[in-house]
2 protein chains.
Amino acid sequence: MSEPAYLEGAPLQPGGKAAPTTLLFDTFGTTADWKSSLVEHCAAIAAAAGLRADWPAFVTEWRSLYQPAIAPVRDGQRLWADFDELHRETLDTLLPKYALNTLSDADRDHMVYGWHLLHGWPDTVQGLTRLRQRHILGALSNGTTRQLVDMAKRSAFPWDVIFGADQWQTYKPAPALYLGALKLLKAPASSVVMVAAHNNDLQAAQNHGLQTAFIHRPTEDPAPTARYTYIATDFNDLATQLGC
Amino acid sequence: MSEPAYLEGAPLQPGGKAAPTTLLFDTFGTTADWKSSLVEHCAAIAAAAGLRADWPAFVTEWRSLYQPAIAPVRDGQRLWADFDELHRETLDTLLPKYALNTLSDADRDHMVYGWHLLHGWPDTVQGLTRLRQRHILGALSNGTTRQLVDMAKRSAFPWDVIFGADQWQTYKPAPALYLGALKLLKAPASSVVMVAAHNNDLQAAQNHGLQTAFIHRPTEDPAPTARYTYIATDFNDLATQLGC
């Protein structure tokens, strides 16, 4: 009986790297292009209500409120609140500044729901499809499980398994997510690659013994700030580096 | 922006049933044909070791040891032990009766690993593919997450999301699994159908307000013993009943 590559041991790649069996992907920014997705989504909702704004500035600022919102949850200063709740809070905070505070509750819910419907970068679906042939692909995200399911269905992200932050009720880079995913996969850390466009995510993964892949994305961290196992221009480049 | 059916509300189906958005599937017996898969798998391993046995009897008896093995875990009389561990224990118990106790540890591990590689029933992949176009499809199984991932990859089960018993460290029909899956899906119970070939699974789901679908499978419960939302001959029949 021949086993697919991801079921075998981890032979050495050229260059002496252990071949991974499993790749875990950050979603927002790394897999999904939140900025152009949300610009389009929010503009359409507001236009139907007769409102206009500088949407690239608006969504960039909305996104910037994410780290301050998750920090108190991750640090245990606030009870669990998921991405839908936090995005609604930060939206309500932001709307007056952009003269959008006449938007109805339904429109606000619909804007928040835009985070469930993000599309990928141009290489996302093709790159994941190549990588999936020889690896287990998991989303490991600060989004909710449902949010990741909705996004995968809408945008055809071919995950084998989805790990949302709600499964551990904390946020990356808290150890619980990396260690929890490894445990559910019954995988040694060295056989798993964390794939992200964010240094803090990769450095946390590295601290737990995972391999790492930094992906250059125009809206995310401009450059790697540590040594990673792989550095790639996009998912197709990563697939090529992994021999897929 | 048009939404796929699973994102919309739940309009009434003909007959007054609320249209579900999400289907949760039992795996062993309902989605996967454990018996013929394991007969083939175990016979091959034993043949390579020069051993023969009545494999249909052997795997049927192995499977019958599953409910007694999970009961103490579910009832809190034993600490968490997952399917791989329990299958190894029951295998070790069973081998002497079939004069197979000369099998090596590696062969025993390989036999247990057969539970990760089960194939579907003839209708499984086609039926799930039809159902997936209009619904979120999740595995909700007593297997481990990794086991379900391996099986899905090997046998092309097109899940949107996988819920293994290790996510809650207990076994169906414990409430934690049904309620935990609903919570992660952020879905009202009435919008979700539990699909199984086992009455105990469906009756537990029904107790928590889920819809239910009984599937007739030749190796599983011979007939429904309660009123279910759907009764189907296989996954294609269920897809037809759900308008897919």
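**Two closed spaces inside a predicted model**

Sort the residues around the largest cavity by class and you get 5 nonpolar, 2 polar and no charged ones. Keep in mind as you look around that this is a predicted model.

So who are these residues? The lining of the largest cavity is made up of A:Leu65, A:Tyr66, A:Ala69, A:Phe83, A:Leu86, A:His87 and A:Thr90. Try finding them in chain A, and you'll run into two helices: H3 (66–74) and H4 (83–94) each bring at least two residues to this lining. Which helix gives the most? That's H4(A), with 4 residues. As for the space they surround, it comes to about 30 Å³.

Now, how many cavities of 30 Å³ or more turn up in the model? The count is 2, so let's move on to the second largest one, over in chain B. Its volume is given as about 30 Å³. Around this cavity you'll find B:Tyr66, B:Ala69, B:Ile70, B:Phe83, B:Leu86 and B:His87. Here helix H3 (66–74) and helix H4 (83–94) of chain B are the elements that give two or more residues to the lining.

What about the classes in this second lining? There are 5 nonpolar residues, 1 polar residue and no charged ones. Tyr counts as nonpolar under the scheme used here, so B:Tyr66 goes in that group.

Definitions and conventions:
Residues are numbered from 1 along each chain as its sequence is written. Chains are lettered from A and ligands numbered from 1 in the order in which they are written. This is a predicted model: local features need pLDDT of at least 70, side-chain atom pairs count only at pLDDT 80 or more; totals for chains, interfaces and linings use all residues. Side-chain values use heavy atoms; hydrogens and water are left out. On a 1 Å grid over the protein atoms alone, a cavity is a set of points where a 1.4 Å probe fits but cannot get out, and a pocket is an open set with protein on both sides within 12 Å along at least five of seven lines; lining residues have an atom within 4 Å of a point. Grid points are joined across faces, edges and corners, and a volume is the space filled by probe spheres set on the points.
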